[in-house]
Amino acid sequence: MTETIGGLEFLAPVSPAARDIFNERACAFLAGLVDNFAARRDGLLSARAAWQATIDAGALPDFREETKAVREGDWKVRPLPADLLDRRVEITGPVDRKMIINALNADVKVFMADFEDALSPTWDNVAAGQVNLRDAINRTIDFEDPASGKRYELKDDPAVLIARVRGIHLDEKHVLRNGKPIPGCLMDFAFYFLLNHERLIENGSGPYFYVPKLEHYEEARWWNDVFVVAQEFAGVPVGTVKATCLIETLPAVFEMDEILYELKDHAAGLNCGRWDYIFSYIKTLKNHADRMLPDRHAVGMDKPFLDAYSRLLVRTCHRRGALAMGGMSAFLPAKTPDEDAANKEKVRIDKQREADNGHDGSWIAHPALAEVVNRVYSDAFKPGKTNQLDITRDNDGPIAAADLLAPPEGPFSEDGLRNNIRVALQYIEAWLGGLGAVAIYGLMEDAATAEISRASVWQWIRNGASLSNGKTMTADYFRAVMKEEVEVVKNEVGAERWSAGRFDEAIDLLDALCVSDDFDAFLTLEAYRRI
């Protein structure tokens, strides 16, 4: 049974709890955004594909000559609001009720509530996420765990809330406008903005967003136009919306100045989305055999191409008055005190590197890491400062395209292949079952990390990687190894969990993603058709 509200056709039922979210005015507002911007979105996706075709044919990414004046110009973004000047620790996670409460109560400055990589976009997850965030903003959110009976409530001084919307490539198949699925990013933005901006401003904050997966500055221009139209509709000044853009694609690192310029009234900063960036490096250069990435565990931020990416982002942001956010630490609390201490030391070293580069803060996936990261950045900041905007990196030499494209050294190992298979298989199965953030082997995995695993396998097969065991990577070898790793995972999760899950579907999808002739741009596109 379908229902039409405000010109939108809902193919899934609207729960009583979501009635206030999906009201006539909000749906009409979203319908207007779709009418104005969906066709342009489609054109931007076509432009992505055309640009990628040139890279697949042998070209390499570079800084765009036609925007040289923007990169060399003397301009800054609009001054930042007070509650976005200190972002030394940000925690991220999906928009489920318990997660929101725990994250906002954590010893962090910001919680990024994620409609994207940490969320499997089932209808229930997407709709309930909007309800949960509205309740958090209105300070009415609570949760009672049915298993333990423990009650969770929001403290008096919660972290600043930033919502991450879906990337422009993802549709929302449960909502149609004129018979077509609407862009998921517009849905996430529209309801969160329109229903919450007044209360957010009353709370001393504002409608703040993380914008993911940008590839070219024209996409930032599209978002800027969306923000302007939304603010005019709501009757709030231009600049009320603030956006932090994730620089998590290889094309975007060459257009950071341009992205900030297009969004200069709304830009709060840029973020080193390191895991998606590694995935994008593989995806963009997938046909370049001389630029294959080695085992996932060997590709850390100490590698020259990633260090150059970090330093360039800091220099770009601080020159323009925007914050430069560091990447995610995916570690979770370990089972033993010694293991836990070792993990926290790894996090400390990683975050110290980012702080030394001049970043203004970093992401964590678990509250237990907040103390470590808080200490790193508090020690790094100059007395009286809440960020490192004064670090310009002007004394760095030029960072050229060759620095950003240099492949790191590392092993191409059978162990790396096996780990990629196990991680990707378990994550895809969880995603199909409605979970977007999953603890696997002591790390919090999301779509970005699973993308690395499956993309690496595809690239190794496509380019016939020579493994350290003397084998040449082929589709047949991958399938032989995957058959063995399926049994490993089956034993690890147990027969009951295996039979109750969607592992057979996950095996089929992983196989298709790794051995297909054409590289699937995002694993979530095909997976979304199956949920």
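1. Helix 4, length check. Helix 4 covers residues 123-137, which is 15 residues. At 1.5 Å a residue, a span of 21 Å is expected. The C-alpha atoms at its two ends lie 22 Å apart, so the helix agrees with that expectation. Bear in mind that this is a predicted model.

2. Helix 4, burial. The helix is mostly covered, with 12 of its 15 residues buried. Trp123, Val126, Ala127 and Gly129 are among them. So are charged and polar names, including Gln130, Asn132, Arg134 and Asp135. The buried list also includes Val131, Leu133, Ala136 and Ile137.

3. Helix 4, neighbours. What do the buried residues of helix 4 pack against? Two helices take part: helix 3 (97-105) and helix 5 (184-202). The strands are strand 2, strand 4 (110-114), strand 7 (160-164) and strand 8 (171-177). Just after helix 4 comes Arg139, with a positive phi of about 65 degrees.

4. Aromatic pairs, overview. The structure holds 27 aromatic pairs. A pair of rings is described by the distance between the centres and the angle between the planes. Two pairs are set out below.

5. Phe10 and Phe22. These rings form a tilted pair, 5.4 Å centre to centre with 50 degrees between the planes. Phe10 belongs to strand 2 (residues 8-10), while Phe22 sits in the loop between strand 2 and helix 1 (24-56). The two are 12 residues apart in sequence, so the pair ties those parts together. Both Phe10 and Phe22 are buried.

6. Phe412 and Trp460. The ring centres are 5.3 Å apart and the planes stand at 50 degrees, so this pair is tilted. It links distant parts of the chain, 48 residues apart. Phe412 lies in the loop between helix 13 (401-405) and helix 14 (414-432). Trp460 lies in helix 15 (residues 447-462). Are the partners buried or exposed? Phe412 has a relative accessible area of 18%, under the 20% cut-off, so Phe412 is buried. Trp460 is buried at 0%.

7. Ring cluster. Ring pairs also join residues into a cluster. Its Phe members are Phe29, Phe37, Phe189, Phe193, Phe209, Phe227 and Phe233. Tyr192, Trp222 and Trp223 belong to the cluster as well.

8. Charges over rings. The charged end of Arg320 sits over the ring of Trp75, 4.0 Å from the ring centre. Arg274 lies over the face of Trp275, at 5.9 Å from the ring centre. The cut-off for this distance is 6 Å, so the Arg274 value falls within the limit.

Conventions:
Residues are numbered from 1 along each chain as its sequence is written. This is a predicted model: local features need pLDDT of at least 70, side-chain atom pairs count only at pLDDT 80 or more; totals for chains, interfaces and linings use all residues. Side-chain values use heavy atoms; hydrogens and water are left out. Rings of Phe, Tyr and Trp (its six-membered ring) pair if their centres lie within 6.5 Å; planes under 30 degrees apart count as stacked, over 60 as edge-to-face and the rest as tilted. Helices (H or I, at least four residues) and strands (E, at least two) are DSSP runs, numbered from the N terminus. Buried means under 20% relative accessible area, exposed over 50%, partly exposed in between (1.4 Å probe, protein chains only). A charge sits over a ring if NZ of Lys or CZ of Arg is within 6 Å of the ring centre and within 35 degrees of the ring normal. The expected span of a helix is 1.5 Å times one less than its number of residues. Contact means heavy atoms within 4.5 Å.
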